[in-house]
Amino acid sequence: MTVASLTANLDQHRSIIEALSEIDRLLLQSSALEPILDRVLPSIGSVLRCKSASVILVDGDCQDHARAYDFFTDAATKRPLRRLEVDVRHLTEACRQTMCWWTTPDDVHFASFLAPLAESGATVFQLCSLHHDQKVSGFLCVGHAQPLKASVSRGIGVTEFAERLSVVLANHERMAQLHRHANFDALTDLPNRSLFLDRLECERRKLQESGGRAALLYIDLDHFKRINDVEGHSAGDAVLRLVASRIVHCVKATDTVARLGGDEFAVFLAQVPNDDAARQVAVRILDCLSRPVKIDGRIHQLGASIGLARVPEDGDSIEALMKCSDIALYRAKESGRGRVVFFSAEIQDRMIARTALGASVRQAVQNRDFDLAFQPIVCCRSQAVLGVEALLRWPNGPEGEGRSPSIFVPIAEESDAILDLGAWVLATACRQFAAWKQRGLGLRYISINVSARQLKDGALLDTILATLARHAIEPAELQIEITESVLAEGGATDRNLRKLSALGAKLALDDFGTGYSSLNYLRTFPISTLKIDRSFMLDLPGNDGACRLVESIIRMCVALKKEVVAEGVEHQGQFDFLSSLGCGAVQGYLTGRPMMSPDVGRLLSRSPAGA
Ligand code: C2E
Ligand code: CA
Ligand code: CA
C-alpha cells in the first residue's frame, strides 16, 4: 500500500468517526427518525464516496412491508419515500453470507428494491441488517459505481454505520412506544384524552383562521356498567373495542375519535356545514351502537347518549367546548338516554339550577327539612288497608318541580346525601308504623322505597335490623321497594337483598314494566310483590291492548305466586277491571292519596279490619 493510499484510508477513517459522532449528537437532540436520516444518509454518501445510501425500514406491524429512505449522492433533490414488499428472512440470510449484489440479480427479493437505485449510477451494493433486541428492524444499503476493492468490500464503514443506525432505530422505537403509551388508549388504540385535547386545540385554531364549522360529540354508553359487572371485565373490554371500531366506521378519516376514559368516547367532526349534518353523524353513531353485540356467545343490547357542542358557536376554548358537550350529554342521559342533545343556553341554565337544587337538597337533608306522607295499599277484595307506602315530602322545598320527590330524590342519589336521607326515611317510617301498631290499627306492613345507592351500602342491613329492633317491628312487617334495574347490579346489592329476604322482609318490585328487566330475575330473586307501574293503568278499561297487557302481567304474577299491586288507580272502572282479573291490591288516588300520618290514623280506624 502506498503512502498516498494509506493517508487516504486514514482520512476516510477519520471522516467515518466524525460522521458517527454526528449521529450520536443527533440522537441526543431528537428521536424523530426522518430528520436524523436526512442528515445521516448524505453523510454516509460523502464518507463512503458511494452513489446511493438507503435505509429500508421493515413495518412494525407487518414484516412483509417496508419503506425505503433513499439518498442519491449526485441528485439535486430529495428522493421520495418508497414503499416496497420485502422478504425479511431472505434478506437477513443474504446479509450473513456476503455483502455484495449486482443491480440485476436473478433473485427477485433484491430486484424489487435494488432496481430503482440503479438510477443513482450504482451498479454494486452492500447490504447490512439493522437490529434491535435481536430482531431485524431494517437494512442499510449502500450502492457503488464499481465493484469495490477487497479491503473496502469487507464492509469497513458500512458495518459501523449500520450499528449506529440500529441504535437510532431502537431509540426511535422506544420513543414511539412511549409516545403511544402517553397518547393512545391501550385497549382501543384510539387517541386518549390528552392527545384528543391537543388535536382539538389544533383544529380549533385552524377553524379560527378558515372560518369553518365543526362539531364536538361527547358519547357515553348507556348501561355499560351492567355488562362489566355482570359479565366480567374481559367482556366489558371486548364491548369497548367493538364500540370503538363502530364509532370509527361512522365517521370520516379526517375526523378524530378518542376514548376519554371508562365508557366515554369523543368525536371531533372536522367539517360540518350545518347542524343537520352534525346531527346525522351523531344519529348514525347511536344507530350503530344500539345494534346488539355478541360477546362470548351472549347477545347484549347496548345504547349510548350523545352531547353535541358546535364549534365555534358554543365556546372559544377547548375547556368551554368540552364543558358544553358534557352538559349536553348530561341532559341527554337525564332526558331518557339513547338520544342526541345539542348544547344550548337553556340546557346550561337547567344545569345551573340543578346544581343549585343539589346544594339545597344536601342542606335540607342536614336540617331534617323533610316529611313523610303515607299512601294506603288497599286489598281489592276486602277494601282493607294492607299497608302504607312512605313517600318523601319537602314542605319548604323550592317552588316548582324541584319540590317533587321524582326530581329531588334522583338529585340526592347523585351524592351520598341519599344515604342520610334514606336512613331518616327508614327510622321515621318505622317509628310511625310502631305508633300505629301500638294503637292497634291493623296494618300488615310499612313499605319503604330504597335507592340503588343505599342497597350497595355495606351498612344497610345493620341499619335496618337495628331500626326494626328499636321499634319492635318484625322483618315481615317491612316491605322494601326496589326498581327493576337494581336486580342486575350484582355484588353487595345482591347480597343485601337476599339477606333481607332471608330475614323475612318483603321485597317489592316497583314501577314494574318500565325498566330493564329480565323475567328470569323474577324467578331467581326472592321478590314477593310486583307493583305494576301506573302508566299501564291509563287506558284501562277502554283500550283492548292495554287490558290484555295488564291481564297477562297479573296472570304471570299469579303463576309465579307473587302478590300484585296495581299503582296509580284513579277510577272505579280501573278498579273493577283489575279486581275482575284477580289483582290482589291497588294503590292510587281512588283508594287514598298520599297523606300525613294523622290522616292515616283516621283512615285506619275506619278501614275494614284485615283481609
Ligand atoms: P313511586 O315509588 O312510584 O311512588 C308512587 C308515586 O305515585 C308517588 O309520587 C305517588 O304520589 C304517585 N301516585 C300514587 N297514586 C297515584 C295515582 O293514582 N295517580 C297518579 N298520577 N300518581 C299517583 P311521589 O310521591 O311524587 O313520588 C315519586 C317518586 O319518588 C316515587 O315513585 C319514588 O320513586 C320516589 N320516592 C318517594 N319517596 C321516596 C323515598 O323515601 N325514597 C326513595 N328512594 N324514593 C322515594
Ligand atoms: Ca314506590
Ligand atoms: Ca311505583
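Me: Quick one to start: N449, is that buried or partly exposed?
Reply: N449 counts as partly exposed, because its relative accessibility is 29%. Keep in mind that this is a predicted model.

Me: OK, and which ion does N449 help coordinate?
Reply: N449 gives its OD1 atom to the calcium ion (ligand 2). E389 (OE), E481 (OE) and D510 (OD) also coordinate that calcium ion, and the distances run from 2.1 to 2.3 Å.

Me: How are those donor residues spaced in sequence?
Reply: For the calcium ion (ligand 2), the spacing reads E-x59-N-x31-E-x28-D. The pair N449 and D510 links distant parts of the chain: N449 is in strand β16 (residues 445-449), D510 is in strand β18 (residues 506-512), and they are 61 residues apart.

Me: What about D510, buried or exposed?
Reply: D510 counts as buried, because its relative accessibility is 8% and the cut-off for buried is under 20%.

Me: How far apart are the calcium ion (ligand 2) and the calcium ion (ligand 3)?
Reply: They sit 3.9 Å apart, with D510 coordinating both.

Me: Then what coordinates the calcium ion (ligand 3)?
Reply: The calcium ion (ligand 3) has D510 (OD), D511 (OD) and E567 (OE), with E567 (OE) listed twice, at 2.1 to 2.6 Å. Its donor residues follow the spacing D-D-x55-E. Here too a pair links distant parts of the chain, with D511 in strand β18 and E567 in strand β20 (residues 563-567), 56 residues apart.

Me: And D511 and E567, which is buried and which is partly exposed?
Reply: D511 is partly exposed, because its relative accessible area is 26%. E567 is buried, because its value is 10%.

Me: Switching to ligand 1. How many residues surround it?
Reply: There are 21 residues around ligand 1, and the closest are Q375, R393, R534, E570 and Y589.

Me: Which atoms of Q375 and ligand 1 come together, and at what distance?
Reply: A polar side-chain atom of Q375 is 2.9 Å from a nitrogen atom of ligand 1. L392 uses its backbone: one of its polar backbone atoms is 3.0 Å from a nitrogen atom of ligand 1. D511 turns up again here, with a polar side-chain atom 3.1 Å from an oxygen atom of ligand 1.

Me: Now the open sheet of 5 strands. What's the strand order?
Reply: The order is β8-β9-β7-β12-β13, and the pairing is mixed.

Me: Why is one side of β8 and of β13 left without a neighbour in the sheet?
Reply: Both β8 (256-261) and β13 (340-342) stand at the edges, so each has a single partner strand. Neighbouring strands in this sheet are turned by 20° against each other on average, ignoring direction.

Me: How does β13 pair with β12?
Reply: Strand β12 (residues 304-311) pairs with β13 in the parallel sense, over 3 bridges. Within that pairing, G307 has V341 of β13 as its bridge partner.

Me: Which strands does helix α9 lie across?
Reply: Helix α9 (residues 233-250) lies across β7 (214-221), β8 and β9 (264-269), and runs at about 10° to β9.

Me: Last one, strand β3. Which side chains point to which face?
Reply: In β3 (residues 82-85) the side chains alternate: R82 and L84 point to one face and are buried, while R83 and E85 point to the other and are not. Strand β3 pairs with β2 (residues 65-72) in the antiparallel sense over 4 bridges, and R83 is the bridge partner of R67.

Technical notes: Residues numbered from 1 in each chain as written. Chains lettered and ligands numbered in written order. Predicted model: local features only at pLDDT ≥ 70, side-chain atom pairs only at ≥ 80, totals over all residues. Heavy atoms only, no water. Pairing = 2+ DSSP bridges. Helix = DSSP H or I, 4+ residues; strand = E, 2+ residues; numbered from the N terminus. Axes fitted to C-alpha atoms, helices over the stretch in contact; angles between N-to-C directions. Contact = heavy atoms within 4.5 Å. Donors = N, O, S within 2.8 Å, 3.2 Å for Na, K, Ca; no water. Buried < 20%, exposed > 50% of the residue type's maximum accessible area, 1.4 Å probe, protein only. Near = heavy atom within 4 Å. Polar contact = N/O pair within 3.5 Å; in protein donor to acceptor, adjacent residues only side chain to side chain.
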